[in-house]
Every structure is written in structure tokens, then in C-alpha cells.
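Me: I have this model open at the bench and would like to go through the terms used to describe it. For each one, please set the value against the cut-off before you conclude anything.

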Amino acid sequence: MTGADAPPITAVRTTRHDLPLSRPWAHDVTELHVIGVEVSTADGGVGTGISWTPTIGAHAVQALLDHDIRAFVLGRESDPRQLWPRLWRRLHEAGSGGLTTIAMSGVDLALWDLQARRRGLGLTDLLGRRHDSVEVYGSGVNLHYSLDELVAQARRWLAAGYRRIKIKVGRPDPAEDRDRVAAVREVIGPDVALMLDANQRWDLDRATAAMAVLAEAGPAWIEEPLLADDLAGHAELRRRIDTPVALGENLHTWYRFREAIDLGACDVVQPNVVRVGGITPLLEIAALAEERGVALAPHLLPELSGQVALALARPTAVEDVEDASFAATGLLAGPSPVAIEQGRLCSTGALGLGLELRP
Ligand code: MG
């Protein structure tokens, strides 16, 4: 059902979920926030999506959904590809990306959920399944961990069968980064891929100096070495170092991804399905990466990005943060729509997006 055939939207209902983290992401980041979005249509259909904000903006996102977005989408067609560009233009004066696109994601995901349910399919099969499973990498928000805790986490990933892992760098003392990266490399051995993530903590000169040292551990990429806004800086860093550069979790639009790629700012793009505004724009960004020959590794939310990755032409590695899944944080009333075993993710055959949110 597309375009004029898609029944009109009759209701948008939101709920806020505060999800405690059993492994805090920092001393002051102890919970995540999700806005559940339920969209109803004139044919009696109901779809469920989410907007997700780890720390900042949950109330603002819910307010955008409850006021500006609801007012615009009521009575409009429920085809996500038709609705997305119109809603985006409508909200654009509030910012082309960020809170705007995070809020839009709730509706976009709900409409994809509805489309798949109408056809009796899961999301991957609606999009066109190309893989039975995709690789997953173990990821930790662990900059505040002690060296012992960090090494213990790396051991858990190895024991769980992961062949790629990612750790944080950017401690105040660069010598600590060197010691932590070396200790993890020692534990995982030479054959497991090790990615590093600086979460925008460095400037150009510090990043250049840090990577001259950290390159000894053979990292598969350095992620967000600089402020995400500084694409020209990333392009310059990429000329200075040999380690591939990854970024994109803090880029919110197709246009910014095109800029990043065409400036030569990165080797790997990492769109977050919620932050870019849902599945509709994620598919466009994936097509752009494919066309330009740049690798794609979706940021977090493996329950959603994993289902999309199973339908992408090129295999990709999906990020799985330890103990931060929808199931682990108590978001879901039912089973997870994906299963992760021995470092690989597959879908479980749930209808739609397979998100049944806890009341
Ligand atoms: Mg990151």
C-alpha cells in the first residue's frame, strides 16, 4: 500500500519510558529514555515505533510529537516514504536534524511497522532479505571503567563469541589510553578486530598525537576523534593518520552524510536509525554509502538497525552495547525481534518491527 492507497492516520499516542542501565554509561548517565509512539490508521491498523534519547531531550521530543507532529500527520496518508519528506519540511524551522529527526523517527518506525504487519511480514522481509545473519560487534561505554573492569569486559565479549570489539579512548592522560588499548589487545589477541571510539573528545593535534601512539595496537577504526560537527577537521586528520576514521552517530541528515563522504572525512559511516529520523532516511543514507563505496556500520539499537542490515546489499557490522539492549533495559513486554549468538545477529520472525513495549 503506497501513496493514495495508504489509509489515513487517525491517532498518534506517545508514552515515556525511563530505562535504568545496569552498567551506567558514565557516573551521571544511569538511565536511557525512549518515547513510545503508537500510530493508528482508518483501517484499524496500529503501528509501534520509538524515539530514543540516551540523556538529553526526552521531554522535548515527546512535546514535538504530541503537538507539532500529531497536528501535521492526522488525516495524512500512512505511507512512510510519502509522509517523511513532507513532515521534515514542516518541522524544518525547528532544525533540520537533532530533536526534529529523533521525534520524526517515532512516527516513521510506527508506519514501517504498520506496513509490514499489513503484509504479514517482519521488517527484514518487507525490505527484502539479503542475509540470514549479520556480524555484531561488542561495544562498551567504558571510559570510566578501571583497567581491570575494561579487561574483564573484553574477556566477556570473547567468551560470547564476538570477533570485533570496541572500547572508548580519550582519558585525560594519553598514557592511560595507550595502556588500556594495549591491555585489551593483549587479551583479545591479534585476530579479533579492535575499534576505538573517542566520542569527540580530542582536537586535531591531540588526535594526531594520540593515533600515532594507539596505531601500534592496529585499530580497525578510530571513531569520532573530533567534534562531530567538524567534518573538515576529520578530513584533515584522515590525511594525517593511517587508521580508518568512522563517524556519523551525531550526523542527522542525508545531506550531512553526503558532505562527510564527499569531503573525505571518513572511511565508515555510522547512522543511528532514530537520530536520522527512522528507516526511510536510513535506507537513503545506506544507498548513498553504497553508491560512494563507503562502509556502513549502524550506531547502536541492534533491534532496529540489525533488521535493516539483514536487507542491505553489503554485509555490515551492527553495534551491540553490553547490557543496553531493549530487553536488558526493560523496554519490551515481549521477546526481542532479534537474537544475537556467537557474534552474529538474526531476526526472530516477529511481525513488523516486533516491538511490544511494556505499558
Ligand atoms: Mg560512538
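**Pockets, cavities, metal site and contacts**

Reply: The second largest pocket has a volume of about 500 Å³, and its lining consists of 29 residues, with Leu296, Leu312, Arg314, Pro315 and Thr316 lying nearest its centre. Helix H4 (123-127), strand E4 (134-139), helix H10 (279-292) and strand E10 (295-296) each give two or more residues to that lining, and H10 gives the most, with 5 residues. The model is a predicted one, in which local features need pLDDT of at least 70 and side-chain atom pairs pLDDT 80 or more, while totals for chains, interfaces and linings use all residues. Numbering runs from 1 along each chain as its sequence is written, and side-chain values use heavy atoms, without hydrogens or water.

Me: What makes a space a pocket rather than a cavity?

Reply: The test is run on a 1 Å grid over the protein atoms alone: a pocket is an open set of points with protein on both sides within 12 Å along at least five of seven lines, a cavity is a set where a 1.4 Å probe fits but cannot get out, and a lining residue has an atom within 4 Å of a point. A volume is the space filled by probe spheres set on the points, which are joined across faces, edges and corners. The largest pocket has a volume of about 720 Å³, and of its 30 lining residues Pro54, Thr55, Asn199, Glu249 and Arg275 lie nearest the centre. Strand E3 (46-53), helix H3 (99-118), strand E5 (164-168) and strand E11 (317-321) give two or more residues each to this lining.

Me: Which residue classes line the two pockets?

Reply: Ala, Val, Leu, Ile, Met, Phe, Trp, Tyr, Cys and Pro count as nonpolar, Asp, Glu, Lys and Arg as charged, and the others, Gly among them, as polar. The lining of the largest pocket divides into 12 nonpolar, 10 polar and 8 charged residues, whereas that of the second largest has 19 nonpolar, 3 polar and 7 charged.

Me: How many cavities reach 30 Å³ or more, and what lines them?

Reply: There are 2 cavities of 30 Å³ or more. The largest holds about 120 Å³ of space, and of its 15 lining residues the closest to the centre are Leu300, Leu301, Pro302, Ala324 and Ser325. The second largest holds about 40 Å³ and is lined by Pro80, Leu83, Trp84, Leu87, Met104, Val107, Asp108 and Leu111, with helix H2 (80-91) and H3 each giving two or more of these residues. By class, this second lining has 7 nonpolar, no polar and 1 charged residue.

Me: Why are Asp197, Glu223 and Glu249 called donors of the magnesium ion?

Reply: A donor is an N, O or S atom within 2.8 Å of the metal (3.2 Å for Na, K and Ca), and water is not among the atoms, so a site may look incomplete. Asp197 (OD), Glu223 (OE) and Glu249 (OE) lie 2.0 to 2.2 Å from the magnesium ion and therefore qualify. Along the chain the donors follow the spacing D-x25-E-x25-E. Glu223, in strand E7 (221-223), and Glu249, in the loop between strand E8 (245-247) and helix H9 (254-262), are 26 residues apart and link distant parts of the chain.

Me: Why is His59 called exposed?

Reply: Exposed means over 50% relative accessible area, buried under 20%, and partly exposed in between (1.4 Å probe, protein chains only). His59 has 56% relative accessibility, so it counts as exposed. Glu223 and Glu249, by contrast, are both buried, and in E5 4 of the 5 residues are buried.

Me: What makes the approach of His59 to Arg16 a polar contact?

Reply: A polar contact is a pair of N or O atoms within 3.5 Å; within protein, one must be able to donate a hydrogen and the other to accept it, and residues adjacent in sequence count only if both atoms are side-chain atoms. The side chains of His59 and Arg16 are joined at 2.8 Å, so the distance lies within the limit. The side chain of Thr208, a residue of helix H7 (204-214), makes a polar contact of 3.1 Å with the side chain of Arg240 and reaches the backbone oxygen of Leu204 at 2.6 Å.

Me: How do you know that E4 and E5 pair?

Reply: Two strands pair if DSSP finds at least two bridges between them. E4 and E5 have 2 bridges, in the parallel sense, so the condition is met. Lys166 in E5 is the bridge partner of Ser139. Strands (E, at least two residues) and helices (H or I, at least four) are themselves DSSP runs, numbered from the N terminus.
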